[in-house]
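User: I would like to know the reasons behind some of the labels used for this model. Please set each value against its cut-off.

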Amino acid sequence: MYPEELVAPMRTDLTQVGFKELTTAEEVDSQLKDHKGTTLLVINSVCGCAAGAARPGVKWAVQQTDKKPDTLATVFAGVDKEAVEKAREYTLPYPPSSPSIALFKDGELVHFVERHHIEGRNAEMIGNHLLAVFQEFC
């Protein structure tokens, strides 16, 4: 588990632009189980690809379009263990991956961006990909 003082700025990076932080399994269930509408869930991480591509790309994408998910949410890998484990149940059959980005529609996983799709790509590439996903599902 990472110390809170280390992850606080990384949490704030998303929450300051409207992401709801889910820190317990119950909060994840409440947000995703039988939910109507769309939810973008970012499984946040301390790694460099989260800082350099995932978070900036996600933030840019939601700021660039009116056609975006109804709810923006995040869990933090290596910190909020129960919440992340529950989130990963919802992202099956994909293996655990952080950072990663999941889009749910009416409680069903409709799109998933795994870590290996984030590594080696820049924020603009991630953001443009998400814009296309929002156009299709939101």
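Analyst: The model is predicted, and the labels are taken up one by one below.

User: Why is α3 called oblique to α6?

Analyst: The axes of helix α3 (residues 48-64) and helix α6 (residues 123-137) cross at roughly 45 degrees. Angles under 35 degrees count as roughly parallel and 65 to 115 as roughly perpendicular. The crossing angle of roughly 45 degrees belongs to neither class, so α3 is oblique to α6. The axes come within 7 Å, and the crossing is right-handed.

User: Which residues of α6 make the contact with α3, and what makes them count as in contact?

Analyst: On α6 they are Ala123, Ile126, Gly127, Asn128, Leu130, Leu131 and Phe134. Their partners on α3 include Trp60, Ala61 and Val62. Contact means heavy atoms within 4.5 Å. The residues of this contact divide into 11 nonpolar, 5 polar and no charged.

User: How do you know whether Phe134 is buried or exposed?

Analyst: Phe134, in helix α6, has 0% relative accessibility. Buried means under 20%, so Phe134 counts as buried. Leaving aside neighbours within four places in sequence, Phe134 is in contact with Leu40, Ala61, Val62, Thr65, Lys67, Lys68 and Pro69.

User: What makes Lys86 buried?

Analyst: Lys86 of helix α4 (residues 81-90) has a relative accessible area of 19%. The cut-off is under 20%, and therefore Lys86 is buried. Beyond its neighbours within four places in sequence, Lys86 is in contact with Ala25, Val28 and Asp29.

User: Why is the pairing of the side chains of Lys86 and Glu89 called a polar contact?

Analyst: The distance between the two side chains is given as 3.0 Å. A polar contact needs a pair of N or O atoms within 3.5 Å, one able to donate a hydrogen and the other to accept it. The pair is listed as a polar contact.

User: Which words describe the accessibility of Asp34 and Asp106, and why?

Analyst: Asp34 has 65% relative accessibility. Exposed means over 50%, so Asp34 counts as exposed. Asp106 has 39%; partly exposed covers values between under 20% and over 50%, so Asp106 counts as partly exposed.

User: What makes the backbone of these two residues worth a remark?

Analyst: Most residues other than glycine have a negative phi. Asp34 has a positive phi of about 55 degrees, in the loop between α2 (25-32) and β2 (38-44). Phi of Asp106 is near 50 degrees, and this residue lies in the loop between β4 and β5 (108-113).

Conventions
Residues numbered from 1 in each chain as written. Predicted model: local features only at pLDDT ≥ 70, side-chain atom pairs only at ≥ 80, totals over all residues. Heavy atoms only, no water. Axes fitted to C-alpha atoms, helices over the stretch in contact; angles between N-to-C directions. Helix = DSSP H or I, 4+ residues; strand = E, 2+ residues; numbered from the N terminus. Parallel < 35°, antiparallel > 145°, perpendicular 65-115°, else oblique. Left-handed = near helix turned anticlockwise from the far one by under 90°. Nonpolar A, V, L, I, M, F, W, Y, C, P; charged D, E, K, R; others polar. Buried < 20%, exposed > 50% of the residue type's maximum accessible area, 1.4 Å probe, protein only.
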